[in-house]
Amino acid sequence: MPNIVLFSGSSHHDLSQKVADRLGLDLGKVITKKFSNQETCGHMTEAPGQPRHVPQGNFSLACCLLRFQSAGGWHVEIGESVRGEDVYIVQSGCGEINDNLMELLIMINACKIASSSRVTAVIPCFPYARQDKKDKSRAPISAKLVANMLSVAGADHIITMDLHASQIQGFFDIAVDNLYAEPAVLQWIRENIPEWKNCIIVSPDAGGAKRVTSIADRLNVDFALIHKERKKANEVDRMVLVGDVKDRLHSQIFTSPLRLIDAGAVKVYAILTHGIFSGPAISRINSAPFEAVVVTNTIPQEEKMKACPKIQVIDISMILAEAIRRTHNGESVSYLFSHVPL
C-alpha cells in the first residue's frame, strides 16, 4: 500500500510485526533506548548526509532522522521519512505503562511535526481505561487525561479494542474506532470446544451482562449471571449464581470456577480480552479447575504461558491489520464488529 508507514513502539513488538506481515509492510525504522534518568525531553535533528526533501510516497528511503533524546530518560529515533505519509503507531498499554505511554506520545509528536499527513495511534489495550469516572470525592478521571494527552501530542485518529467502557470514546475530540474481540472469541469457541452447542455463557458481574448476552445470542445458547455482593472495593463478600448451569459447559469471563463446579458445571473456560494477570493471578489459575483461560494477544502473553499451561491466546492481529487497511483506504470498519477478516 502506498503512502503508509507502520511503526512499532516497544510495548508489544510481536503484535506489531504480525500486523505488518498481514499488511505486506515492513515496520518503520525506530530506535528506542532508556537511560537511568527518568526525565524525557527532546529535540529534532536531520540525519547527516541525507536530502532535506523527498518525493511524497517514498517512505522506504530512510532519508530523515527524527531524534528525541535527553541526557537521560527516553531516546527515540524515527529513521523513516514520514512527509505526506499516513502513519500508524502500534503501542499497547501494558508492561511499563507510563514509559510506553510517554514513548507513544513522543513518537506521535515526532511524526506530526515532520509533516505526516495523518497520525493514527493503534492502542490495542487502552491505558488507564478503568479510571473512566469519578467514583469518589477528589478522584481523577485518568482515562480522560490520557485522551487529552494523545490529542495534544498530535494524534488524528485512535484505533483501540474492547474499551473498559465504550463511553471513553466521548473523551476524544478526534475519531476513535473501538474494535471488538467478540468475533474472534466466537470463532475460537466454535473451533476449540467440540460441545459448544451445550454450553452456557456466564457473566462474572452485572457490568459484563451486555457482552455476555451478545455472545450467547450469536451462539444461540443460554447465559447466566454471577451477582457479587461486596463489603468494599476489590473484596467480594458473597457470590450468587443466577441461572441453571447443571451438566453444562461454561465459557465465562473470569470468576470463581469452583462456584460453577459446585452448581453442576462439567467444564469451565475463562475467556478474557486483555489478560493482565497481575499479582497472584497465575498461581490462582494454576490451582483453579479451568479447562483453559483464553486471552487475546492485545498484551504479550509469552511469559505468562510459560508459567501457566492453561493460558491460550487468540490472535487479533488480523482485525487490527484490516482496520488499518480500511482506514487508510477510506472504507467502513463496521464489518469488523461482527466478522473476523480472512
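# A guided tour, helix by helix

Start by selecting residues 97-112, helix H2, and residues 142-153, helix H3: their axes lie 8 Å apart and the two pack at an angle of about 25°. Because of that angle, H2 counts as roughly parallel to H3 (angles under 35 degrees count as roughly parallel, over 145 as roughly antiparallel, 65 to 115 as roughly perpendicular and the rest as oblique). Axes here are lines fitted to C-alpha atoms, for helices over the stretch in contact, with angles running from 0 to 180 degrees between N-to-C directions. Helices (H or I, at least four residues) and strands (E, at least two) are DSSP runs, numbered from the N terminus.

Now show the side chains where the pair touches. H2 brings Leu 101, Leu 104, Leu 105, Ile 108, Asn 109 and Lys 112, while H3 brings Val 146, Met 149, Leu 150 and Ala 153. Contact means heavy atoms within 4.5 Å. Colour these residues by type and you get eight nonpolar, one polar and one charged. In this scheme Ala, Val, Leu, Ile, Met, Phe, Trp, Tyr, Cys and Pro are nonpolar, Asp, Glu, Lys and Arg are charged, and the others, Gly among them, are polar.

**Before you go on**

What you have open is a predicted model, in which local features need pLDDT of at least 70 and side-chain atom pairs count only at pLDDT 80 or more, while totals for chains, interfaces and linings use all residues. Residues are numbered from 1 along each chain as its sequence is written, and side-chain values use heavy atoms, with hydrogens and water left out.

Zoom out for a moment. The protein holds nine helices and 15 strands, and 50% of its 342 residues count as buried. Buried means under 20% relative accessible area, exposed over 50% and partly exposed in between (1.4 Å probe, protein chains only). Among contacts in the protein with a separation of 6 or more, 57% join residues 24 or more positions apart.

**Next stop: H1 and H9**

Select helix H1 (residues 13-23) and helix H9 (residues 317-328). Their axes come within 9 Å and cross at roughly 55°, so H1 is oblique to H9. The crossing is right-handed: the near helix is turned clockwise from the far one by less than a right angle, where anticlockwise would be left-handed. On the H1 side, pick Leu 15, Lys 18, Val 19, Arg 22 and Leu 23; facing them in H9 are Ser 317, Met 318, Leu 320, Ala 321, Ile 324 and Arg 325. The residues of this contact divide into seven nonpolar, one polar and three charged.

Stay on Leu 15. Is it buried or exposed? At 0% relative accessibility, Leu 15 counts as buried. Leaving aside neighbours within four places in sequence, Leu 15 touches Pro 124, Asn 297, Thr 298, Ile 316, Ser 317 and Leu 320. Draw a distance from Leu 15 to Pro 124, C-alpha to C-alpha: 9.5 Å in space, with their positions 109 residues apart in sequence.

**Then H4 and H5**

Select residues 182-192 for helix H4 and residues 209-219 for helix H5, which pack at about 50° with axes 11 Å apart. That angle is why H4 is oblique to H5, and their crossing is right-handed. H4 offers Glu 182, Pro 183, Val 185, Leu 186, Ile 189 and Arg 190, and these meet Arg 211, Ser 214, Ile 215, Arg 218 and Leu 219 of H5. By type, the residues of this contact are six nonpolar, one polar and four charged.

Follow the chain out of H5 to Asn 220, in the loop between H5 and strand S10 (222-232). The phi of Asn 220 is near 60°, a positive value in a residue other than glycine. With a relative accessible area of 69%, Asn 220 is exposed.

**Last picks**

- Phe 277 sits in the loop between S13 and helix H7 (281-287). Its phi is near 55°, also positive in a residue other than glycine, and at 12% relative accessibility Phe 277 counts as buried.
- Ala 265 is in the loop between helix H6 (257-262) and strand S13 (267-274). Ala 265 is buried at 10% relative accessibility, and its C-alpha atom is 9.5 Å from that of Cys 199, 66 residues away along the chain.
- Ile 4 belongs to strand S1 (residues 4-8) and is buried, with a relative accessible area of 1%. The C-alpha atoms of Ile 4 and Tyr 88 are separated by 7.7 Å, though the two are 84 residues apart along the chain.
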